[in-house]
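Trainee: Please give me a close look at one part of this model, namely how its strands are paired and what the charged and polar side chains beside them are doing. I would value a connected account, built up element by element.

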Amino acid sequence: MNCGFAIPPGYSFCGVCGTPTPQTPEKSPAAGPAGYLALIDELGNESERFALQTGDNRIGRSADCEVHFNDALLASHHCTLSAGKEVFRLAPVDSYNGTYVRISTPVELQHGDVLRVGQEVLRFERIEEVAAERSKSGQPLRVGCPAPRGVWGRLCQVGLTRQVANAYLLSHRDVFLGRERGDILFPKDGFVSGSHAVISERGGRVYLKDLGSSNGTFLRIKREKALRNGDLLLLGRNLLCVHVEV
């Protein structure tokens with residue numbers, strides 16, 4: 001029992017009776033955000049920031065999402081960004097308009113992959129896969145009249161209603177996309193660079209590479225993808241830059 005003697009500050013016990021000084025537990029510092037998403041405007045500047053807390057951060061049109069936008073091209077719950085210690089992962093939800101990540105290095109394309117070049121939505125298809133699908137359904141394969149020899153794939157230009165507006169056959173080892181120079185041109189799209197990207201076929205495998213375009217080349221993700229600091233996401237009409245706190 002305490003003898004009533006006043007214990008001077010800084011002492012851990014009473015010098016008269018030996019009673020320990022009551023210890024005040026230290027408060028743990030409040031956990032700060034794991035990072036943030038920066039909304040990029042038309043001039044390439046940050047216009048708004050959205051804090052990302054550790055754990056799952058839902059992104060979408062619904063006000064229930066941790067990060068939400070009034071954008072008709074977004075689903076109510078469009079995707080989920082899971083933030084951990086210096087590790088971010090982005091998982092798409094079954095949204096109509098997709099979740100896109102800007103490519104920084106060449107990526108291998110698979111049948112059915114969808115990419116964004118400027119305002120253009122393009123779906124890559126392997127000719128042998130299309131032929132197999134047509135054969136199963138009993139429909140003939142129509143790739144053009146006449147189809148060039150050595151065609152190994154095609155790009156389908158897809159509209160907002162998912163209707164195919166144009167189909168571009170791929171037969172060269174390197175097929176260049178751009179606004180002014182290349183094999184496939186989009187002269188009316190001001191968001192496409194003069195020489196924007198290239199699709200290459202090597203030994204039966206197909207690769208997509210950005211050619212240093214101003215607005216980048218984006219690939220729609222089909223499954224969870226690890227993100228890095230500085231990655232750019234295209235969600236509906238929103239361009240977002242990922243910032244990881246380290």
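Strand pairing and the surroundings of Asp71

Mentor: Strand E14 (residues 184-185) runs parallel to E13, and two bridges join them. I should say at the outset that this is a predicted model. Within the parallel pair, Gly178 stands opposite Leu185 in E14. E13, which covers residues 174-178, has a further partner in strand E15 (residues 197-202), where the pairing is antiparallel and extends over four bridges. There Leu177 stands opposite Ala197 in E15. E13 thus takes part in a parallel pairing with E14 and in an antiparallel pairing with E15. Both senses are possible in general, as strands of a sheet pair through backbone hydrogen bonds that may be parallel or antiparallel.

Mixed pairing also describes an open sheet of five strands, in the order E4-E3-E5-E6-E18. Its edges are formed by strand E4 (67-68) and strand E18 (225-227); each has a single partner strand, so one side of each is left without a neighbour in the sheet. Further in, strand E3 (residues 55-60) and strand E5 (residues 79-83) pair in the antiparallel sense over five bridges. In that pairing, Ile59 stands opposite Cys79 in E5.

The edge strand E4 contains His68. This residue counts as partly exposed because its relative accessibility is 39%, which falls between the limits of 20% and 50%. A polar atom of the His68 side chain lies 3.4 Å from the backbone oxygen of Cys65. Beyond residues up to four places away in sequence, His68 touches Gly60, Arg61, Ser62 and Ala63. Its C-alpha atom is separated by 8.1 Å from that of Arg58, ten residues away along the chain.

The loop that follows E4 and leads to E5 deserves particular attention, for Asp71 is found in it. Is Asp71 buried or exposed? It counts as buried, because its relative accessibility of 3% is under the 20% limit. What does the Asp71 side chain meet? It forms a salt bridge with the side chain of Arg237, with an N to O distance of 3.0 Å. Arg237 belongs to the loop between strand E19 (232-235) and strand E20 (238-244), whereas Asp71 belongs to the loop between E4 and E5, so the pair ties together parts that are 166 residues apart in sequence. The two partners contrast in accessibility: Asp71 is buried at 3%, while Arg237 is exposed, with a relative accessible area of 61%.

A polar atom of the Asp71 side chain also lies 2.9 Å from the backbone nitrogen of Leu73. Leaving aside neighbours within four places in sequence, Asp71 is in contact with Arg61, Leu235, Gly236, Arg237 and Asn238. Arg61 is also among the residues that His68 touches.

Strands E19 and E20, which flank the loop of Arg237, bring us to another sheet. This is an open sheet of ten strands in the order E2-E1-E20-E19-E7-E17-E9-E10-E11-E12, with antiparallel pairing. Strand E2 (46-52) and strand E12 (164-170) are its edge strands, each with a single partner strand, so that one side of each lacks a neighbour in the sheet. On average, and ignoring direction, neighbouring strands of this sheet are turned by 30° against each other. One of its pairings joins strand E9 (residues 114-117) to strand E10 (residues 120-126), in the antiparallel sense over four bridges. In that pairing, Val117 stands opposite Glu120 in E10.

The salt bridge of Asp71 and Arg237 can be set beside others, since the count comes to eleven salt bridges. Among them is that of Glu46 and Arg49, with 2.9 Å from N to O. Here Glu46 counts as partly exposed at 39% relative accessibility, and Arg49 as exposed at 52%. Another joins the side chains of Glu128 and Arg126 at 3.6 Å, N to O. In this case the arginine counts as buried, Arg126 having 13% relative accessibility, whereas Glu128 counts as partly exposed at 44%. In addition, Arg123, Glu125 and Arg154 are linked in a network of salt bridges.

Notes:
Residues are numbered from 1 along each chain as its sequence is written. This is a predicted model: local features need pLDDT of at least 70, side-chain atom pairs count only at pLDDT 80 or more; totals for chains, interfaces and linings use all residues. Side-chain values use heavy atoms; hydrogens and water are left out. Two strands pair if DSSP finds at least two bridges between them. Buried means under 20% relative accessible area, exposed over 50%, partly exposed in between (1.4 Å probe, protein chains only). A polar contact is a pair of N or O atoms within 3.5 Å; within protein, one must be able to donate a hydrogen and the other to accept it, and residues adjacent in sequence count only if both atoms are side-chain atoms. Contact means heavy atoms within 4.5 Å. A salt bridge is a side-chain nitrogen of Lys or Arg within 4 Å of a carboxyl oxygen of Asp or Glu. Axes are lines fitted to C-alpha atoms, for helices over the stretch in contact, and angles run from 0 to 180 degrees between N-to-C directions.
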